[in-house]
Every structure is written in structure tokens, then in C-alpha cells.
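Q: I would like a close look at a single part of this model. Please keep the account connected and say where the part sits among the elements around it.

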Amino acid sequence: LLILPIIILMNVFNGVVNDFALLEVINTEKGLIESIKHVLPKLKQDWGEFGIYLIIRLLVNTLVGIASFSAIMILTVLYLLIFGVFTIALGAINSVLAAIPVVIGILAWLATSWYVSVPFNTYKYSYFVELYNGFID
């Protein structure tokens, strides 16, 4: 419970750097420190909007995280069923053979999970870029 304020401050700092300062670096070709110094007065000036942005950021991250987690869990159950059957079948023949579908299943699951998470992360980033453009203009 004592670490909660630190977590909140780190998330606010992460939002300022990732969603504002880095985009400022890209748009103006300034350094990171200069961009943070340039963005902070704008955020302080519109602190109410920035507070709403933080709440929206929390909601979007939570909802997209739940959707991504749900998709990956469906994928996990599907892979467990498919590769589990092969593992049991090959394990009945020889226990060493059971390792083959386990390794293939883990590798396939990792690759597919990363592939499935890309659209969710892309959506979040493009959404925050749109927020940045509206906020800075």
C-alpha cells in the first residue's frame, strides 16, 4: 500500500514521456530533456485536460489489456487442447517423444501470442498519438 503513490507517479511520468515527450522529439527533432521541458508547461497549463487524459489512458489501457488477455487466453486453451492430445498420445508411446509437441506448442504459442498482441498495442499507440495531436495543438 505504501508503494501505490510511487506506482502512480511512475505511470504519470511514463505517460508524459511516452505519449508526449517522445512524440515531441519526433515532431521537433529536439532532445528528450528539451522536449520534456517544452511539454511540461503545456501540461501544467491544461492540468484539467491532462487529468482527464490520465483517466482515459488508464481506461483504454485496462480495456485493451482485458481484450488482449482474453484473446491470448482463448489461444492458450486452444493450444493446450491441441498439443495436449499429441503430448498424451506420444507420451503413451515413449516419454521422450512427448517433449516434441510440448516444445513445438510452446514456440507456436509464443509466436502467436506476440502476433495477436500487435493490433492491440498498435491501437493503443495510435489512440495516444491522436490524443497528443489534439492536446498539443
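Leaving aside its neighbours within four places in sequence, which residues is Ile36 in contact with?

A: The model is a predicted one. Ile36 is in contact with Val17 and Ala21, once its neighbours within four places in sequence are left aside. Ile36 belongs to helix 2. With a relative accessible area of 15%, Ile36 is buried, because the limit for that class is under 20%.

The setting of these contacts is the crossing of two helices. Helix 1 covers residues 4-28 and helix 2 covers residues 32-45; their axes come within 9 Å and cross at roughly 115 degrees. The crossing of helix 1 past helix 2 is right-handed. On the side of helix 1, the contact is made by Val16, Val17, Phe20, Ala21, Leu22, Glu24, Val25 and Thr28. Helix 2 contributes Leu32, Ser35, Ile36, His38, Val39, Leu40 and Leu43. Val17 and Ala21, the partners of Ile36, are thus both among the residues of helix 1 in this contact. By class, the residues of the contact divide into 11 nonpolar, 3 polar and 1 charged. As a general matter, nonpolar side chains in soluble globular proteins tend to be buried together.

Between the two helices is a loop, and Glu29 is found there. Glu29 is not a glycine, yet has a positive phi of about 60 degrees. Most residues other than glycine have a negative phi. Glu29 counts as exposed, at 72% relative accessibility, whereas Ile36 is buried.

Several residues of the helix contact also appear in the nonpolar core. The largest such core has 12 residues in all: Val16, Phe20, Leu23, Val39, Leu43, Phe50, Tyr53, Val60, Val64, Phe128, Tyr132 and Phe135. Helix 1, helix 2, helix 3 (47-93) and helix 4 are the elements that give two or more residues to this core. Helix 3 gives the most, with 4 residues. Val16, Phe20, Val39 and Leu43 are listed both in the core and in the contact of helix 1 with helix 2. Ile36 is part of that contact but is not listed in this core. Leu43 touches Val16, Phe20, Phe50 and Phe135, not counting residues up to four places away in sequence.

Helix 1 has a charged link to helix 3 as well. The structure holds 1 salt bridge. In this salt bridge the side chains of Asp19 and Arg57 meet, at 2.6 Å from N to O. Asp19 lies in helix 1 and Arg57 in helix 3, so the pair ties together parts that are 38 residues apart in sequence. Both Asp19 and Arg57 are buried. In general terms, side chains of opposite charge can pair when their charged atoms come close.

Distances to helix 3 place Ile36 in a wider frame. The C-alpha atoms of Ile36 and Ala67 are separated by 32 Å, with their positions 31 residues apart along the chain. Ile72 has its place in helix 3. The C-alpha atoms of Ile72 and Ile8 are 27 Å apart in space, and the two residues are 64 residues apart in sequence. Like Ile36, Ile72 counts as buried, with 17% relative accessibility. The contacts of Ile72 are with Trp109, Ser113, Val116 and Ser117, leaving aside its neighbours within four places in sequence.

One of these partners, Ser113, is found in helix 4 (residues 99-136). Ser113 is buried, with a relative accessible area of 6%. Not counting residues up to four places away in sequence, Ser113 touches Ile72 and Leu75. Ile93, also in helix 3, is exposed, with a relative accessible area of 65%. The C-alpha atoms of Ile93 and Leu9 are separated by 56 Å, and the residues are 84 residues apart along the chain.

To return to the part in question, Ile36 is a buried residue of helix 2, in contact with Val17 and Ala21.

Conventions: Residues numbered from 1 in each chain as written. Predicted model: local features only at pLDDT ≥ 70, side-chain atom pairs only at ≥ 80, totals over all residues. Heavy atoms only, no water. Axes fitted to C-alpha atoms, helices over the stretch in contact; angles between N-to-C directions. Left-handed = near helix turned anticlockwise from the far one by under 90°. Contact = heavy atoms within 4.5 Å. Nonpolar A, V, L, I, M, F, W, Y, C, P; charged D, E, K, R; others polar. Buried < 20%, exposed > 50% of the residue type's maximum accessible area, 1.4 Å probe, protein only. Core = buried A, V, L, I, M, F, W, Y, C linked by side-chain atoms within 4.5 Å. Salt bridge = Lys/Arg side-chain N within 4 Å of Asp/Glu carboxyl O.
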